[in-house]
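Subject: Structure for your files

Dear colleague,

Please find the structure below. My notes on the ligand site come after it.

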Amino acid sequence: MRVVLMTGSSHPALANAVAKVLSLELGRCAVDRFPDGEHHVEVAEELRGCDVYLFQPLGPPVDSHLMELLLMVDACRRRGAGRVTAVVPYLAYARHDRRETGREPLGARLVADIIRAAGVDRLVAVDLHSPAVEGCFNIPVEHLSAMPLLADHLSRTAVPGSVVVSPDLGAVKRAERYAAELQLPVAVVHKRRTSGSQVQARSITGDVKGCTPILVDDMISTAGTIEAAVNVLLEAGCKPEVTVVATHSLLVGPAIDRLGRLPLRRLITTDSVPMIGRLPFQVEVVSLAPLLGRTIELLRLGAQG
Ligand code: R5P
């Protein structure tokens, strides 16, 4: 099957970088808006029988990027694509993977159903919020981890006396994997979310006094979680020299101001969503392009076999 890579409007730079890794050109697909706000998608590429990879991380504006993806998938199907893979390095609504009060929707499941209903055969995602999200999909999911790339970057630059810190109970397993890889101890902050952007951190399990913290999380949205964790770590006697590692840096609302106020040595992240230009702290971006390129190469070979 001929491979065709196409991108929506959410992160063309990443799609171009993956195309470069694979020595391919991006397929012709135009996305814009009608005056009333509806999306307009036009796939000019010949797709009959092709193995199509659609790039569209679901960073903000989340719903708009999701709708654009669905329309692109439908257009590809109607142009006779043989197989459609959605490459969604950051999957929005993944935090809605359970109902805490019994009064909320199961957003992750709903998004998974819509993506499948549009005609996606397979999803490629990176560091989903939890393993439960994979179970929401009725199609195969290639769930990739950026952890080896980020840990490798860290291992070349971590200072002696560091401790890997999970900013909440949900990220403990992730922190343990980083700690094992880097051969460092682990600590856990106990947090309570009071609203979409407000978080309280109360206590820490583990020995952090005099240590240099490396906070690891799947994502930073408003940075409330990181801010609360750093403050409680400083109160517990950590060195004011914090490294934050997160696969997805959405940095919405107060995030940049919050991070800018912290004694942040650096933020290590990936390019799963576009990074905002100049930031008031050091950012080290590890590209997902080689990992995504390798994955597409393997999926393509699988389709041929
Ligand atoms: C929560 O369970 C996630 O792993 C992140 O810690 C959280 O979503 C980050 O959001 P914010 O930056 O708004 O605190």
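The notes below cover the ligand first and then the strands beside it.

This is a predicted model, in which local features need pLDDT of at least 70 and side-chain atom pairs count only at pLDDT 80 or more, while totals for chains, interfaces and linings use all residues. Residues are numbered from 1 along each chain as its sequence is written, and side-chain values use heavy atoms, with hydrogens and water left out.

The shell around the ligand (residues with a heavy atom within 4 Å of it) has 14 residues, of which R95, D217, D218, T222 and T225 come nearest. By class, 6 are charged (Asp, Glu, Lys, Arg), 3 nonpolar (Ala, Val, Leu, Ile, Met, Phe, Trp, Tyr, Cys, Pro) and 5 polar (the others, Gly among them).

Three polar contacts (pairs of N or O atoms within 3.5 Å) involve ligand oxygen atoms and side chains:
- T225, at 2.5 Å
- D218, at 2.6 Å
- R193, at 3.1 Å

On its own the ligand has 370 Å² of accessible area (Shrake-Rupley, 1.4 Å probe), and the protein covers 92% of it.

Strand 9 (186-193), strand 11 (212-220) and helix 7 (224-235) each supply at least two shell residues; strands are DSSP E runs of at least two residues, helices H or I runs of at least four, numbered from the N terminus. Strand 11 gives the largest share, 4 residues.

Strand 9 pairs (at least two DSSP bridges) in the parallel sense with strand 8 (162-166) over 3 bridges. With strand 10 (199-205), strand 9 runs antiparallel over 6 bridges, and a hairpin of 5 residues joins the two. R193 stands opposite V199 of strand 10.

Regards

Conventions. A polar contact is a pair of N or O atoms within 3.5 Å; within protein, one must be able to donate a hydrogen and the other to accept it, and residues adjacent in sequence count only if both atoms are side-chain atoms.
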